[in-house]
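Reader: I'm new to this one and a bit lost. Could you pick a single part, take me through it up close, and then show me how some other parts compare with it in kind?

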Amino acid sequence: MTQMLLLLLYGFVFLLATESCRTLCQASSKSKEQVSTRPHGECRGTCVDNSYCSQPCPPDTPGDMGFLCRQKKWHKVTESCRTLTAFNIFEADSNSVQTFGGSKINEYTNKPETITDLLMEKCPQNLSCVIRNIQKSPRIPGNIALIVQLLHNISTVPMTDVDETKMKSYSIMANHILNSKSISNWTFIPERNSSCVLLHSVNSFARKLFVNKHPIEIADIFIHTVGTILSRDNAGKNFTFSMRVNDTRDITGKVSISREELQEVPSPSRAVSIAFPTLGAILEASVLESITVNGLVLSVILPKELERISLIFEKISKSEDRRAQCAGWHSVESRWDHRVCQKIQENSQQVVCKCSPSKTFTSFSILMAPHVLQSPILIYITYIGLGVSICSLILCLSIEALVWGQVTKTEISYLRHVCIANIATTLLMADVWFIVASFLSGPTRHHSACVAATFFVHFFYLSVFFWMLAKALLILYGILIVFHTLPKSVLVAALFSVGYGCPLLIASITVAATEPGKGYLRPEACWLNWDMTKALLAFVVPALAIVVVNLVTVTLVIVKTRRAAIGSSMFQEVRAIVRISKNIAILTPLLGLTWGFGIATVLNDSSLAFHIIFSLLNAFQGFFILVFGTILDPKIRDALKDRINSAQWISRISENVSSDFSRHPTKGPS
């Protein structure tokens, strides 16, 4: 009886447990159905600008997706979804089981192993045991990141010599993620430096490539590797590549080592070159730089004795109005650097560069320069305008010297003409140094002379602006300070301190801060650098600030002139308008307000009209100073008339004396 009761009790517990299990399984099934039907890649909730949202990847896909709210819409910014794991990247292995996180634990040693460790265990001879599954995998961001990490880890494994078989397997893995169809997916990889890591890893692995007497060539669609032996007996060595950058055409690249350069190399020496047609675009997309690579990326592993090599790049975009810049990839700072390369020749199809390879600089390419509108009209306007401006300024200074004593009798007129004379002098010197700098610019420029020319152009153009500021401050001094005056010597010292002291300080600090690192000059021109050090800001910021101050000064002059005419007759108001217009015409060139059109050329750099207006107003600025600052000044005109009349009177007296002497020659004593 007791046994019967126990059996009934056990049966009841078993049924209860079975029912509970069925209920839990159904609940779990419903939960799974709900999870599986939940939309992936969508953020729920209110979209507030700059808010962030994270969503899981589709089922059986590790990783997540990050979204950022911009303009009331969710935009995907990161993705780590991947299908490749430590379990499925290899063939099935019964001796190991998968664990969470992409690693495996060996059943016999309980030692965690990475994909790279397993790769070195399974197929260390040829690295081929992962190629098939990698090639079948989709090129989604998570897979790309995993393959990049794998390639990086392989490159750091201690190996004495990498043979052609290993290099071929390595290239196949890299080729898969360098595919042109994967470029857009590189932008979503959370690690922004993944493309830099890939380039560094490929170069590091290629350094270990063993090259025998026979050359090695491994040609994939998106990576092409060539290895050879250099000898002093060679007439020269060239590596020529032709690779497809898009679905329509191929472009070429060439590494050239001359016979003279080979004489410095110990014989025999190993040389490896690698070409990437899509890596430039991938670097641009993933690093998020506003720099466009316009050719193949060529990597070279050469003996350290080779200090200079020639590189020939065919342009991807053969735009006529955008010049190319030769550059090397700084492997430590992950950026393009112009200082290691020099452009030798350029036409619409290709660019010839001379570069200095090193352990830091292994990869080179050509960059598309920022859009600069180049037109023959602008060149003609600039040089004709500069010629007219220089002649006008010389004439202006000659007139000032001729009438100086008559027009500087009062303190205010003296200070005014000091400003005009120094504006004309500094602009004349700036224009002359600008022409000198333009002749020194180019691929074969002399660096020291170019630095000197740039310094003087920078200094004198800044001096022009600061003397314009001094004149504006003098006008404000006359308008705002009526009853209290400063001594003349103090005012003159203040004007010269502002006009020459401030520009000298700014120009000196700029060259001292940027030239030691070779960041003072532009790659192809004798002018302040922008891309690397932003040295150009040392001119732009003071110039625009002075233009703003001078604009305020002109506004105050207009207000004061207009206020004096309020309540007057119609005739007086018309005279006031004429006076205001005259003041604007005179002060605009003298205070440099024409440089304000430079802002329009920056905001609308595609418009030729703004560039023509800006070039006309500034190239002919010396002519405008002569007309509005000198010739239209009534006091200067009166003084010139007096000098002319005086000269005519003296000339007439001289003629009369000469005539009298010829008629009545002096008789000597008998």
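Author: Sure, and one term before we start: a UniProt annotation uses the numbering used here, with feature names shortened, and may be inferred rather than shown by experiment. With that in mind, the unreviewed UniProt entry gives the label "transmembrane region" to residues 377–402, 414–440, 460–483, 490–513, 536–559, 580–603 and 609–632. Keep in mind too that this is a predicted model. In it, residues 377–402 are 100% helix and 0% strand, with end C-alpha atoms 37 Å apart. Residues 490–513 are also 100% helix and 0% strand, and there the end C-alpha atoms lie 33 Å apart.

For the close look, let's go to helix 7, which runs over residues 194–207 and contains Ser201. Its length checks out: 14 residues at 1.5 Å a residue should span 20 Å, and the end C-alpha atoms are 20 Å apart, so the two agree. Helix 7 is mostly covered, with 11 of its 14 residues buried. Among them are Ser194, Cys196, Leu199, Asn203 and Phe205.

Now zoom in on Ser201. Its relative accessibility is 0%, which is why it counts as buried. What does its side chain meet? A polar atom of the Ser201 side chain lies 2.6 Å from the backbone oxygen of Val197. If you skip neighbours within four places in sequence, Ser201 is in contact with Leu151, His152, Ser155 and Tyr170.

For another helix, try helix 2, residues 115–122, where Ile115, Thr116, Leu118 and Leu119 are buried. Looking down the axis of helix 2, the buried residues fall within an arc of 160°, so they line one face of the helix.

Last, here are some strands. Strand 2, residues 64–70, is mostly covered, with five of its seven residues buried. Strand 2 pairs with strand 1 (residues 52–56) in the antiparallel sense over five bridges, and Gly66 in strand 2 is the bridge partner of Ser54. Strand 2 also runs antiparallel to strand 3 (residues 73–79), joined to it by six bridges. There, Met65 stands opposite Glu79 in strand 3. Strand 2 and strand 3 form a hairpin with two residues between them, and Gln71 in the turn has a positive phi of about 55°. As a general rule for reading such strands, side chains in a regular strand alternate between the two faces of the sheet.

Terms used:
Residues numbered from 1 in each chain as written. Predicted model: local features only at pLDDT ≥ 70, side-chain atom pairs only at ≥ 80, totals over all residues. Heavy atoms only, no water. Helix = DSSP H or I, 4+ residues; strand = E, 2+ residues; numbered from the N terminus. Buried < 20%, exposed > 50% of the residue type's maximum accessible area, 1.4 Å probe, protein only. Polar contact = N/O pair within 3.5 Å; in protein donor to acceptor, adjacent residues only side chain to side chain. Contact = heavy atoms within 4.5 Å. Arc of directions from axis to C-beta. Expected span 1.5 Å × (residues − 1). Pairing = 2+ DSSP bridges.
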